[in-house]
Amino acid sequence: MTLRVDGAPVPTTLRRYGPASTSEPPVLLVPGLSAGPLGFTVGGARSLVSVLVAAGRTVWTVDLGYSVRSRTRQDFTAVVESVERAIDVLDRRSDAADGHPLDAIGHSLGGHVLIAVAATGAR
């Protein structure tokens with residue numbers, strides 16, 4: 001399932017992998033500047049998405065419309081707001097929110113973005 005994040009200052013989409021609902025919190029993956037969310041790998045070059053799904057987790061990847069290759073400069077504040085809006089979209093979905101916290105993993109710039117989002121008081 002793919003969702004567009006309306007109103008985000010940076011073009012932002014969410015994609016769900018794994019079950020629509022589990023007893024575990026969903027996981028949001030936020031990539032770094034020059035990578036996509038499927039570039040998260042663990043030992044043996046296994047995709048973190050596939051490892052989490054195999055463990056029964058619902059995984060949402062956020063794709064932000066920026067990359068080093070596109071030569072598009074993005075304002076950090078705009079990227080943070082876009083991820084906040086993506087989290088709001090997940091909060092409004094019954095299969096993502098259902099009373100559980102959201103686990104989030106960021107790589108490189110994605111980690112900095114998540115720290116900034118947490119500093120705003122977002123869940």
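**Salt bridges and the packing of helix H4**

Arginine 57 counts as buried, with a relative accessibility of 14%, a value that falls under the 20% cut-off for burial. This and every other value reported here comes from a predicted model. The side chain of arginine 57 forms a salt bridge with that of aspartate 103, with an N to O distance of 2.4 Å. Arginine 57 sits in the loop between helix H1 (48–54) and strand E6 (59–64), while aspartate 103 belongs to strand E7 (residues 103–106), so the pair ties together parts of the chain that lie 46 residues apart in sequence. The partner, aspartate 103, is partly exposed, at a relative accessible area of 31%. The bridge therefore joins a buried arginine to a partly exposed aspartate.

The count of salt bridges comes to two. Besides the pair just described, the side chains of glutamate 81 and arginine 85 meet in a salt bridge, here at 3.0 Å from N to O. Both residues are in helix H2 (residues 76–92), and because they are four residues apart, about one helical turn separates them. Glutamate 81 is partly exposed, with a relative accessible area of 29%, and arginine 85 is likewise partly exposed, at 31%.

Helix H2 also holds phenylalanine 76, a good place to turn from charged pairs to packing. With a relative accessibility of 36%, phenylalanine 76 is classed as partly exposed, since this value lies between the 20% and 50% cut-offs. Apart from neighbours within four places in sequence, the residues in contact with phenylalanine 76 are Leu109, His112, Val113 and Ala116. For one of these, leucine 109, the C-alpha atom is 9.5 Å from that of phenylalanine 76, although 33 residues separate the two along the chain.

What about helix H4 itself? This helix spans residues 109–119, and its buried residues are Gly110, Gly111, Val113, Leu114, Ala116 and Val117. Two of them, Val113 and Ala116, have already appeared as contacts of phenylalanine 76. Which elements do the buried residues of H4 pack against? They pack against strand E3 (27–30), helix H2 and strand E7. Strand E7 is also where aspartate 103, the partner of arginine 57, is found, and helix H2 is where glutamate 81 and arginine 85 pair up. Just after H4, glycine 121 adopts a positive phi of about 95°.

Conventions: Residues numbered from 1 in each chain as written. Predicted model: local features only at pLDDT ≥ 70, side-chain atom pairs only at ≥ 80, totals over all residues. Heavy atoms only, no water. Salt bridge = Lys/Arg side-chain N within 4 Å of Asp/Glu carboxyl O. Helix = DSSP H or I, 4+ residues; strand = E, 2+ residues; numbered from the N terminus. Buried < 20%, exposed > 50% of the residue type's maximum accessible area, 1.4 Å probe, protein only. Contact = heavy atoms within 4.5 Å.
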